[in-house]
Amino acid sequence: MFQSGSPVKGENFIDRRKHLPLFKSYLDNNQHIMIKAPRRFGKTSLIKHMFEYEKSYDFIYIDIRLHHTLESLSKHILDKAYGFVKIENFIRQTKSSLLTLLQSIKKISIPDIAELTIDMVSKDSNPIELFIHSLNVVDKIAMSKDINIKVIFDEFQDITNLYDKNILEVLRSVAQHHENITYIFLGSIESIMTQIFESKSSPFFHFASVIKLDGLDVDELYEYTIEQFDKQNIIYDKEVLYKTIKFLEGHPEYSTKVLQTLYINATLEKKPIDYNDSLEAISFRVVENRAYLDELIYKLKAKKHHFEVIYNIANNIKSDIGSATLYNTHISLENMGIIKKVQKGKYEIVDIFLKILLQQHEDVMVSLDGILMLEI
């Protein structure tokens with residue numbers, strides 16, 4: 001319970017009640033999907049729950065961040081694809097056990113495709129050609145086994161870092177012909193994912209159904225929390241607990257960590273959870289994330305006007321820089337995943353802990369009372 005630091009699945013997977021039925025319906029109908037949400041907002045947990053815990057679909061999961069070249073990505077896809085026909089470590093075998101591999105592919109239903117893969121890998125083919133081939137292999141294998149394979153691209157907005165923007169045009173052109181693959185695209189930079197999938201000028205416009213993950217539902221998280229606390233006979237102030245959860249804005253990771261702290265402290269100290277306990281738990285978790293938050297601030301300070309603008313947003317201060325510069329800075333901050341636009345001229349900081357830190361007016365971490373009193 002209150003697990004953090006890794007994807008959550010199974011009985012500890014909470015919330016997303018409104019997302020799971022829709023997501024499952026899309027998957028059952030082989031509808032391509034794009035899911036966008038800030039980092040640490042539970043996209044991977046949603047995927048892990050649906051594909052690994054429920055085990056309802058055949059799938060290939062790809063984290064774009066783990067690959068530095070398009071060739072590496074393509075070889076990963078090929079290895080996973082040939083795993084469906086019981087050939088493991090296909091790429092490695094092309095270099096170390098080619099004879100064994102050639103004997104293995106004679107037993108599958110598409111030996112000609114496998115022979116082409118060996119030829120392309122051994123000749124170090126053009127990265128784009130190898131990428132196209134890898135996806136075609138997935139489609140051919142799915143067709144031969146009469147299944148639909150779900151191909152999941154995590155942090156999809158980073159794919160242009162592996163080649164160039166033309167990769168989007170290439171992927172769209174290839175994917176539209178695949179009848180045995182359902183594509184699922186996850187992205188944490190919402191503005192870029194919106195540009196890719198919702199801009200009329202993008203090759204992916206209208207290609208996938210869009211799901212936007214917001215924070216966890218406060219009421220549902222509260223119900224889950226009191227259920228867990230009651231099981232352990234933990235005494236708590238209901239109003240404080242609810243307002244603490246609400247204050248954290250449903251941020252999946254931060255909410256989990258704060259509740260985990262309250263749970264552990266109450267269990268060890270054998271005393272009721274009160275207002276001060278909530279303050280201390282939030283403060284502890286903000287300090288715990290200080291290195292990460294300081295790195296964000298360092299990056300913001302390295303870009304002209306960025307820190308000034310984000311500080312002003314956190315503290316509701318009107319920026320006095322020129323409108324054109326302010327507009328461009330807002331766009332840049334959106335593309336960095338730091339802020340999100342809530343309405344015309346109105347922006348919010350995505351990371352609640354970053355917001356808390358920016359609202360401190362000392363060089364050291366101070367009491368959070370001043371912030372929390374505004375909310376609870």
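**Packing of helix H10 against H11 and H12**

In this predicted model, Val-218, Asp-219, Leu-221, Tyr-222, Thr-225, Ile-226 and Phe-229 of H10 are in contact (heavy atoms within 4.5 Å) with Lys-238, Leu-241, Tyr-242, Ile-245 and Lys-246 of H11. By class, this contact of H10 with H11 comprises eight nonpolar, one polar and three charged residues; here Ala, Val, Leu, Ile, Met, Phe, Trp, Tyr, Cys and Pro count as nonpolar, Asp, Glu, Lys and Arg as charged, and the others, Gly among them, as polar. Residues are numbered from 1 along each chain as its sequence is written. Local features need pLDDT of at least 70, side-chain atom pairs count only at pLDDT 80 or more, totals for chains, interfaces and linings use all residues, and side-chain values use heavy atoms, with hydrogens and water left out.

Turning to geometry, H10 (residues 218–231) and H11 (residues 238–247) pack at about 135 degrees, their axes being 10 Å apart. H10 is therefore oblique to H11, given that angles under 35 degrees count as roughly parallel, over 145 as roughly antiparallel, 65 to 115 as roughly perpendicular and the rest as oblique. Axes are lines fitted to C-alpha atoms, for helices over the stretch in contact, and angles run from 0 to 180 degrees between N-to-C directions. The crossing of H10 and H11 is right-handed.

H10 also packs with H12 (residues 252–269), at an angle of about 20 degrees and with the axes 12 Å apart. H10 is therefore roughly parallel to H12. Leu-221, Thr-225, Gln-228 and Phe-229 of H10 meet Ser-255, Leu-259, Leu-262 and Tyr-263 of H12, a contact of five nonpolar, three polar and no charged residues.

Definitions and conventions: Helix = DSSP H or I, 4+ residues; strand = E, 2+ residues; numbered from the N terminus. Left-handed = near helix turned anticlockwise from the far one by under 90°.
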